[in-house]
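Please look over the sequence and the model shown here before reading on. The paragraphs that follow lead from the whole chain to a sheet, a single glycine, the cysteines and a pocket.

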Amino acid sequence: SAQGIELPSRSVLNAMISEVIAAKQDANPKVQWGGHQLRRFDGELYLFDNSIEHGGEACPLLLEQTVIFEHDIGSLTLTTAPVDDESDALYLRKPTVDEQVSVSFDVTGMSCKPLGSLHTRKLKQLFKQYKVPPWARHRTPLIYYNDVLAGVAGLFVCEGFGGDSEQGGVLVDW
């Protein structure tokens with residue numbers, strides 16, 4: 001009621017208790033009603049509009065230009081900047097003249113080795129490691145140089161694509 005949405009029926013409330021709240025710890029439970037859904041992740045309950053099911057569209061990225069995504073995903077800007085070694089910001093290396101930069105949201109079967117990691121892993125496993133909720137995974141921008149995954153916005157840069165303080169880099173702002 002405080003969220004201004006249609007209140008669930010008694011049967012939906014019972015489903016919320018039995019299917020979401022009482023689900024196994026590692027489950028990805030969800031109950032939908034009236035254009036909304038209740039989910040649980042990492043011990044917390046989340047209430048969403050059903051638009052959370054939609055990811056963004058793949059598109060080219062140009063440096064110094066902002067792309068605004070539909071479905072409340074947000075915006076993404078790649079800005080050339082000196083790399084601050086003290087910052088936690090994500091810096092990609094500058095693309096070469098023959099590299100096309102693009103963004104996609106399809107995580108299916110993708111793997112990568114984040115900078116500083118010992119092993120290449122599937123994005124599904126990396127998202128679990130970084131505690132990205134399942135519903136947010138297909139809404140997280142994947143940045144490509146040509147057809148090679150270079151980084152995941154807000155999380156990490158892949159091996160071979162890190163910016164450095166001497167060459168500068170591309171700041172990922174999502």
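The largest pocket takes lining residues from several elements, and β2 (36–41), α2 (123–129) and α3 (134–137) each supply at least two of them; helices here are DSSP runs of H or I with at least four residues, strands are DSSP runs of E with at least two, and both are numbered from the N terminus. This is a predicted model, in which local features need pLDDT of at least 70 and side-chain atom pairs count only at pLDDT 80 or more, while totals for chains, interfaces and linings use all residues. Residues are numbered from 1 along each chain as its sequence is written, and side-chain values use heavy atoms, with hydrogens and water left out.

Consider the chain as a whole. Its secondary structure comes to three helices and 14 strands, and its C-alpha atoms fill a box of roughly 60 × 35 × 30 Å, taken along the principal axes. Of the 174 residues, 39% count as buried, where buried means under 20% relative accessible area, exposed means over 50%, and partly exposed lies in between, with a 1.4 Å probe and protein chains only. Among contacts with a separation of 6 or more, 56% come from residues 24 or more positions apart, a contact being heavy atoms within 4.5 Å.

Next comes a sheet. Strands of a sheet pair through backbone hydrogen bonds, either parallel or antiparallel. Here an open sheet of five strands has the order β4-β8-β11-β12-β13, with antiparallel pairing, and two strands are said to pair if DSSP finds at least two bridges between them. The edge strands are β4 (59–60) and β13 (156–157), each of which pairs on one side only. β4 is joined to β8 (residues 101–104) over two bridges, with P60 having S102 as its bridge partner, whereas β8 and β11 pair over four bridges, with V103 opposite I143.

Four bridges also join β11 to the antiparallel strand β12 (residues 148–152), where the bridge partner of I143 is G151. These two strands form a hairpin with two residues between them, and N146 in the turn has a positive phi of about 55 degrees. In a regular strand the side chains alternate between the two faces of the sheet. In β11 (residues 142–145), L142 and Y144 point one way and I143 and Y145 the other way, and all are buried.

Which residues does G169, in strand β14 (residues 169–173), touch beyond those up to four places away in sequence? They are T79, T80, A81, V83, L92, K94 and G163. G169 is buried, with a relative accessible area of 0%, and its C-alpha lies 4.6 Å from that of R93, although the two are 76 residues apart in sequence.

The cysteines come next. The structure holds zero disulfides, a disulfide being a pair of cysteine sulfur atoms within 2.5 Å. For C59, the nearest cysteine sulfur, that of C158, is 18 Å away. C59 is partly exposed, at 21% relative accessible area, while C112, at 5%, counts as buried.

Finally, return to the largest pocket, which is lined by 15 residues, with D26, F41, K128, P134 and R137 lying nearest its centre. The largest share of the lining, three residues, comes from α2.

Notes
1 Å grid on protein atoms, 1.4 Å probe; cavity = no way out; pocket = protein on both sides within 12 Å on 5 of 7 lines; lining within 4 Å.
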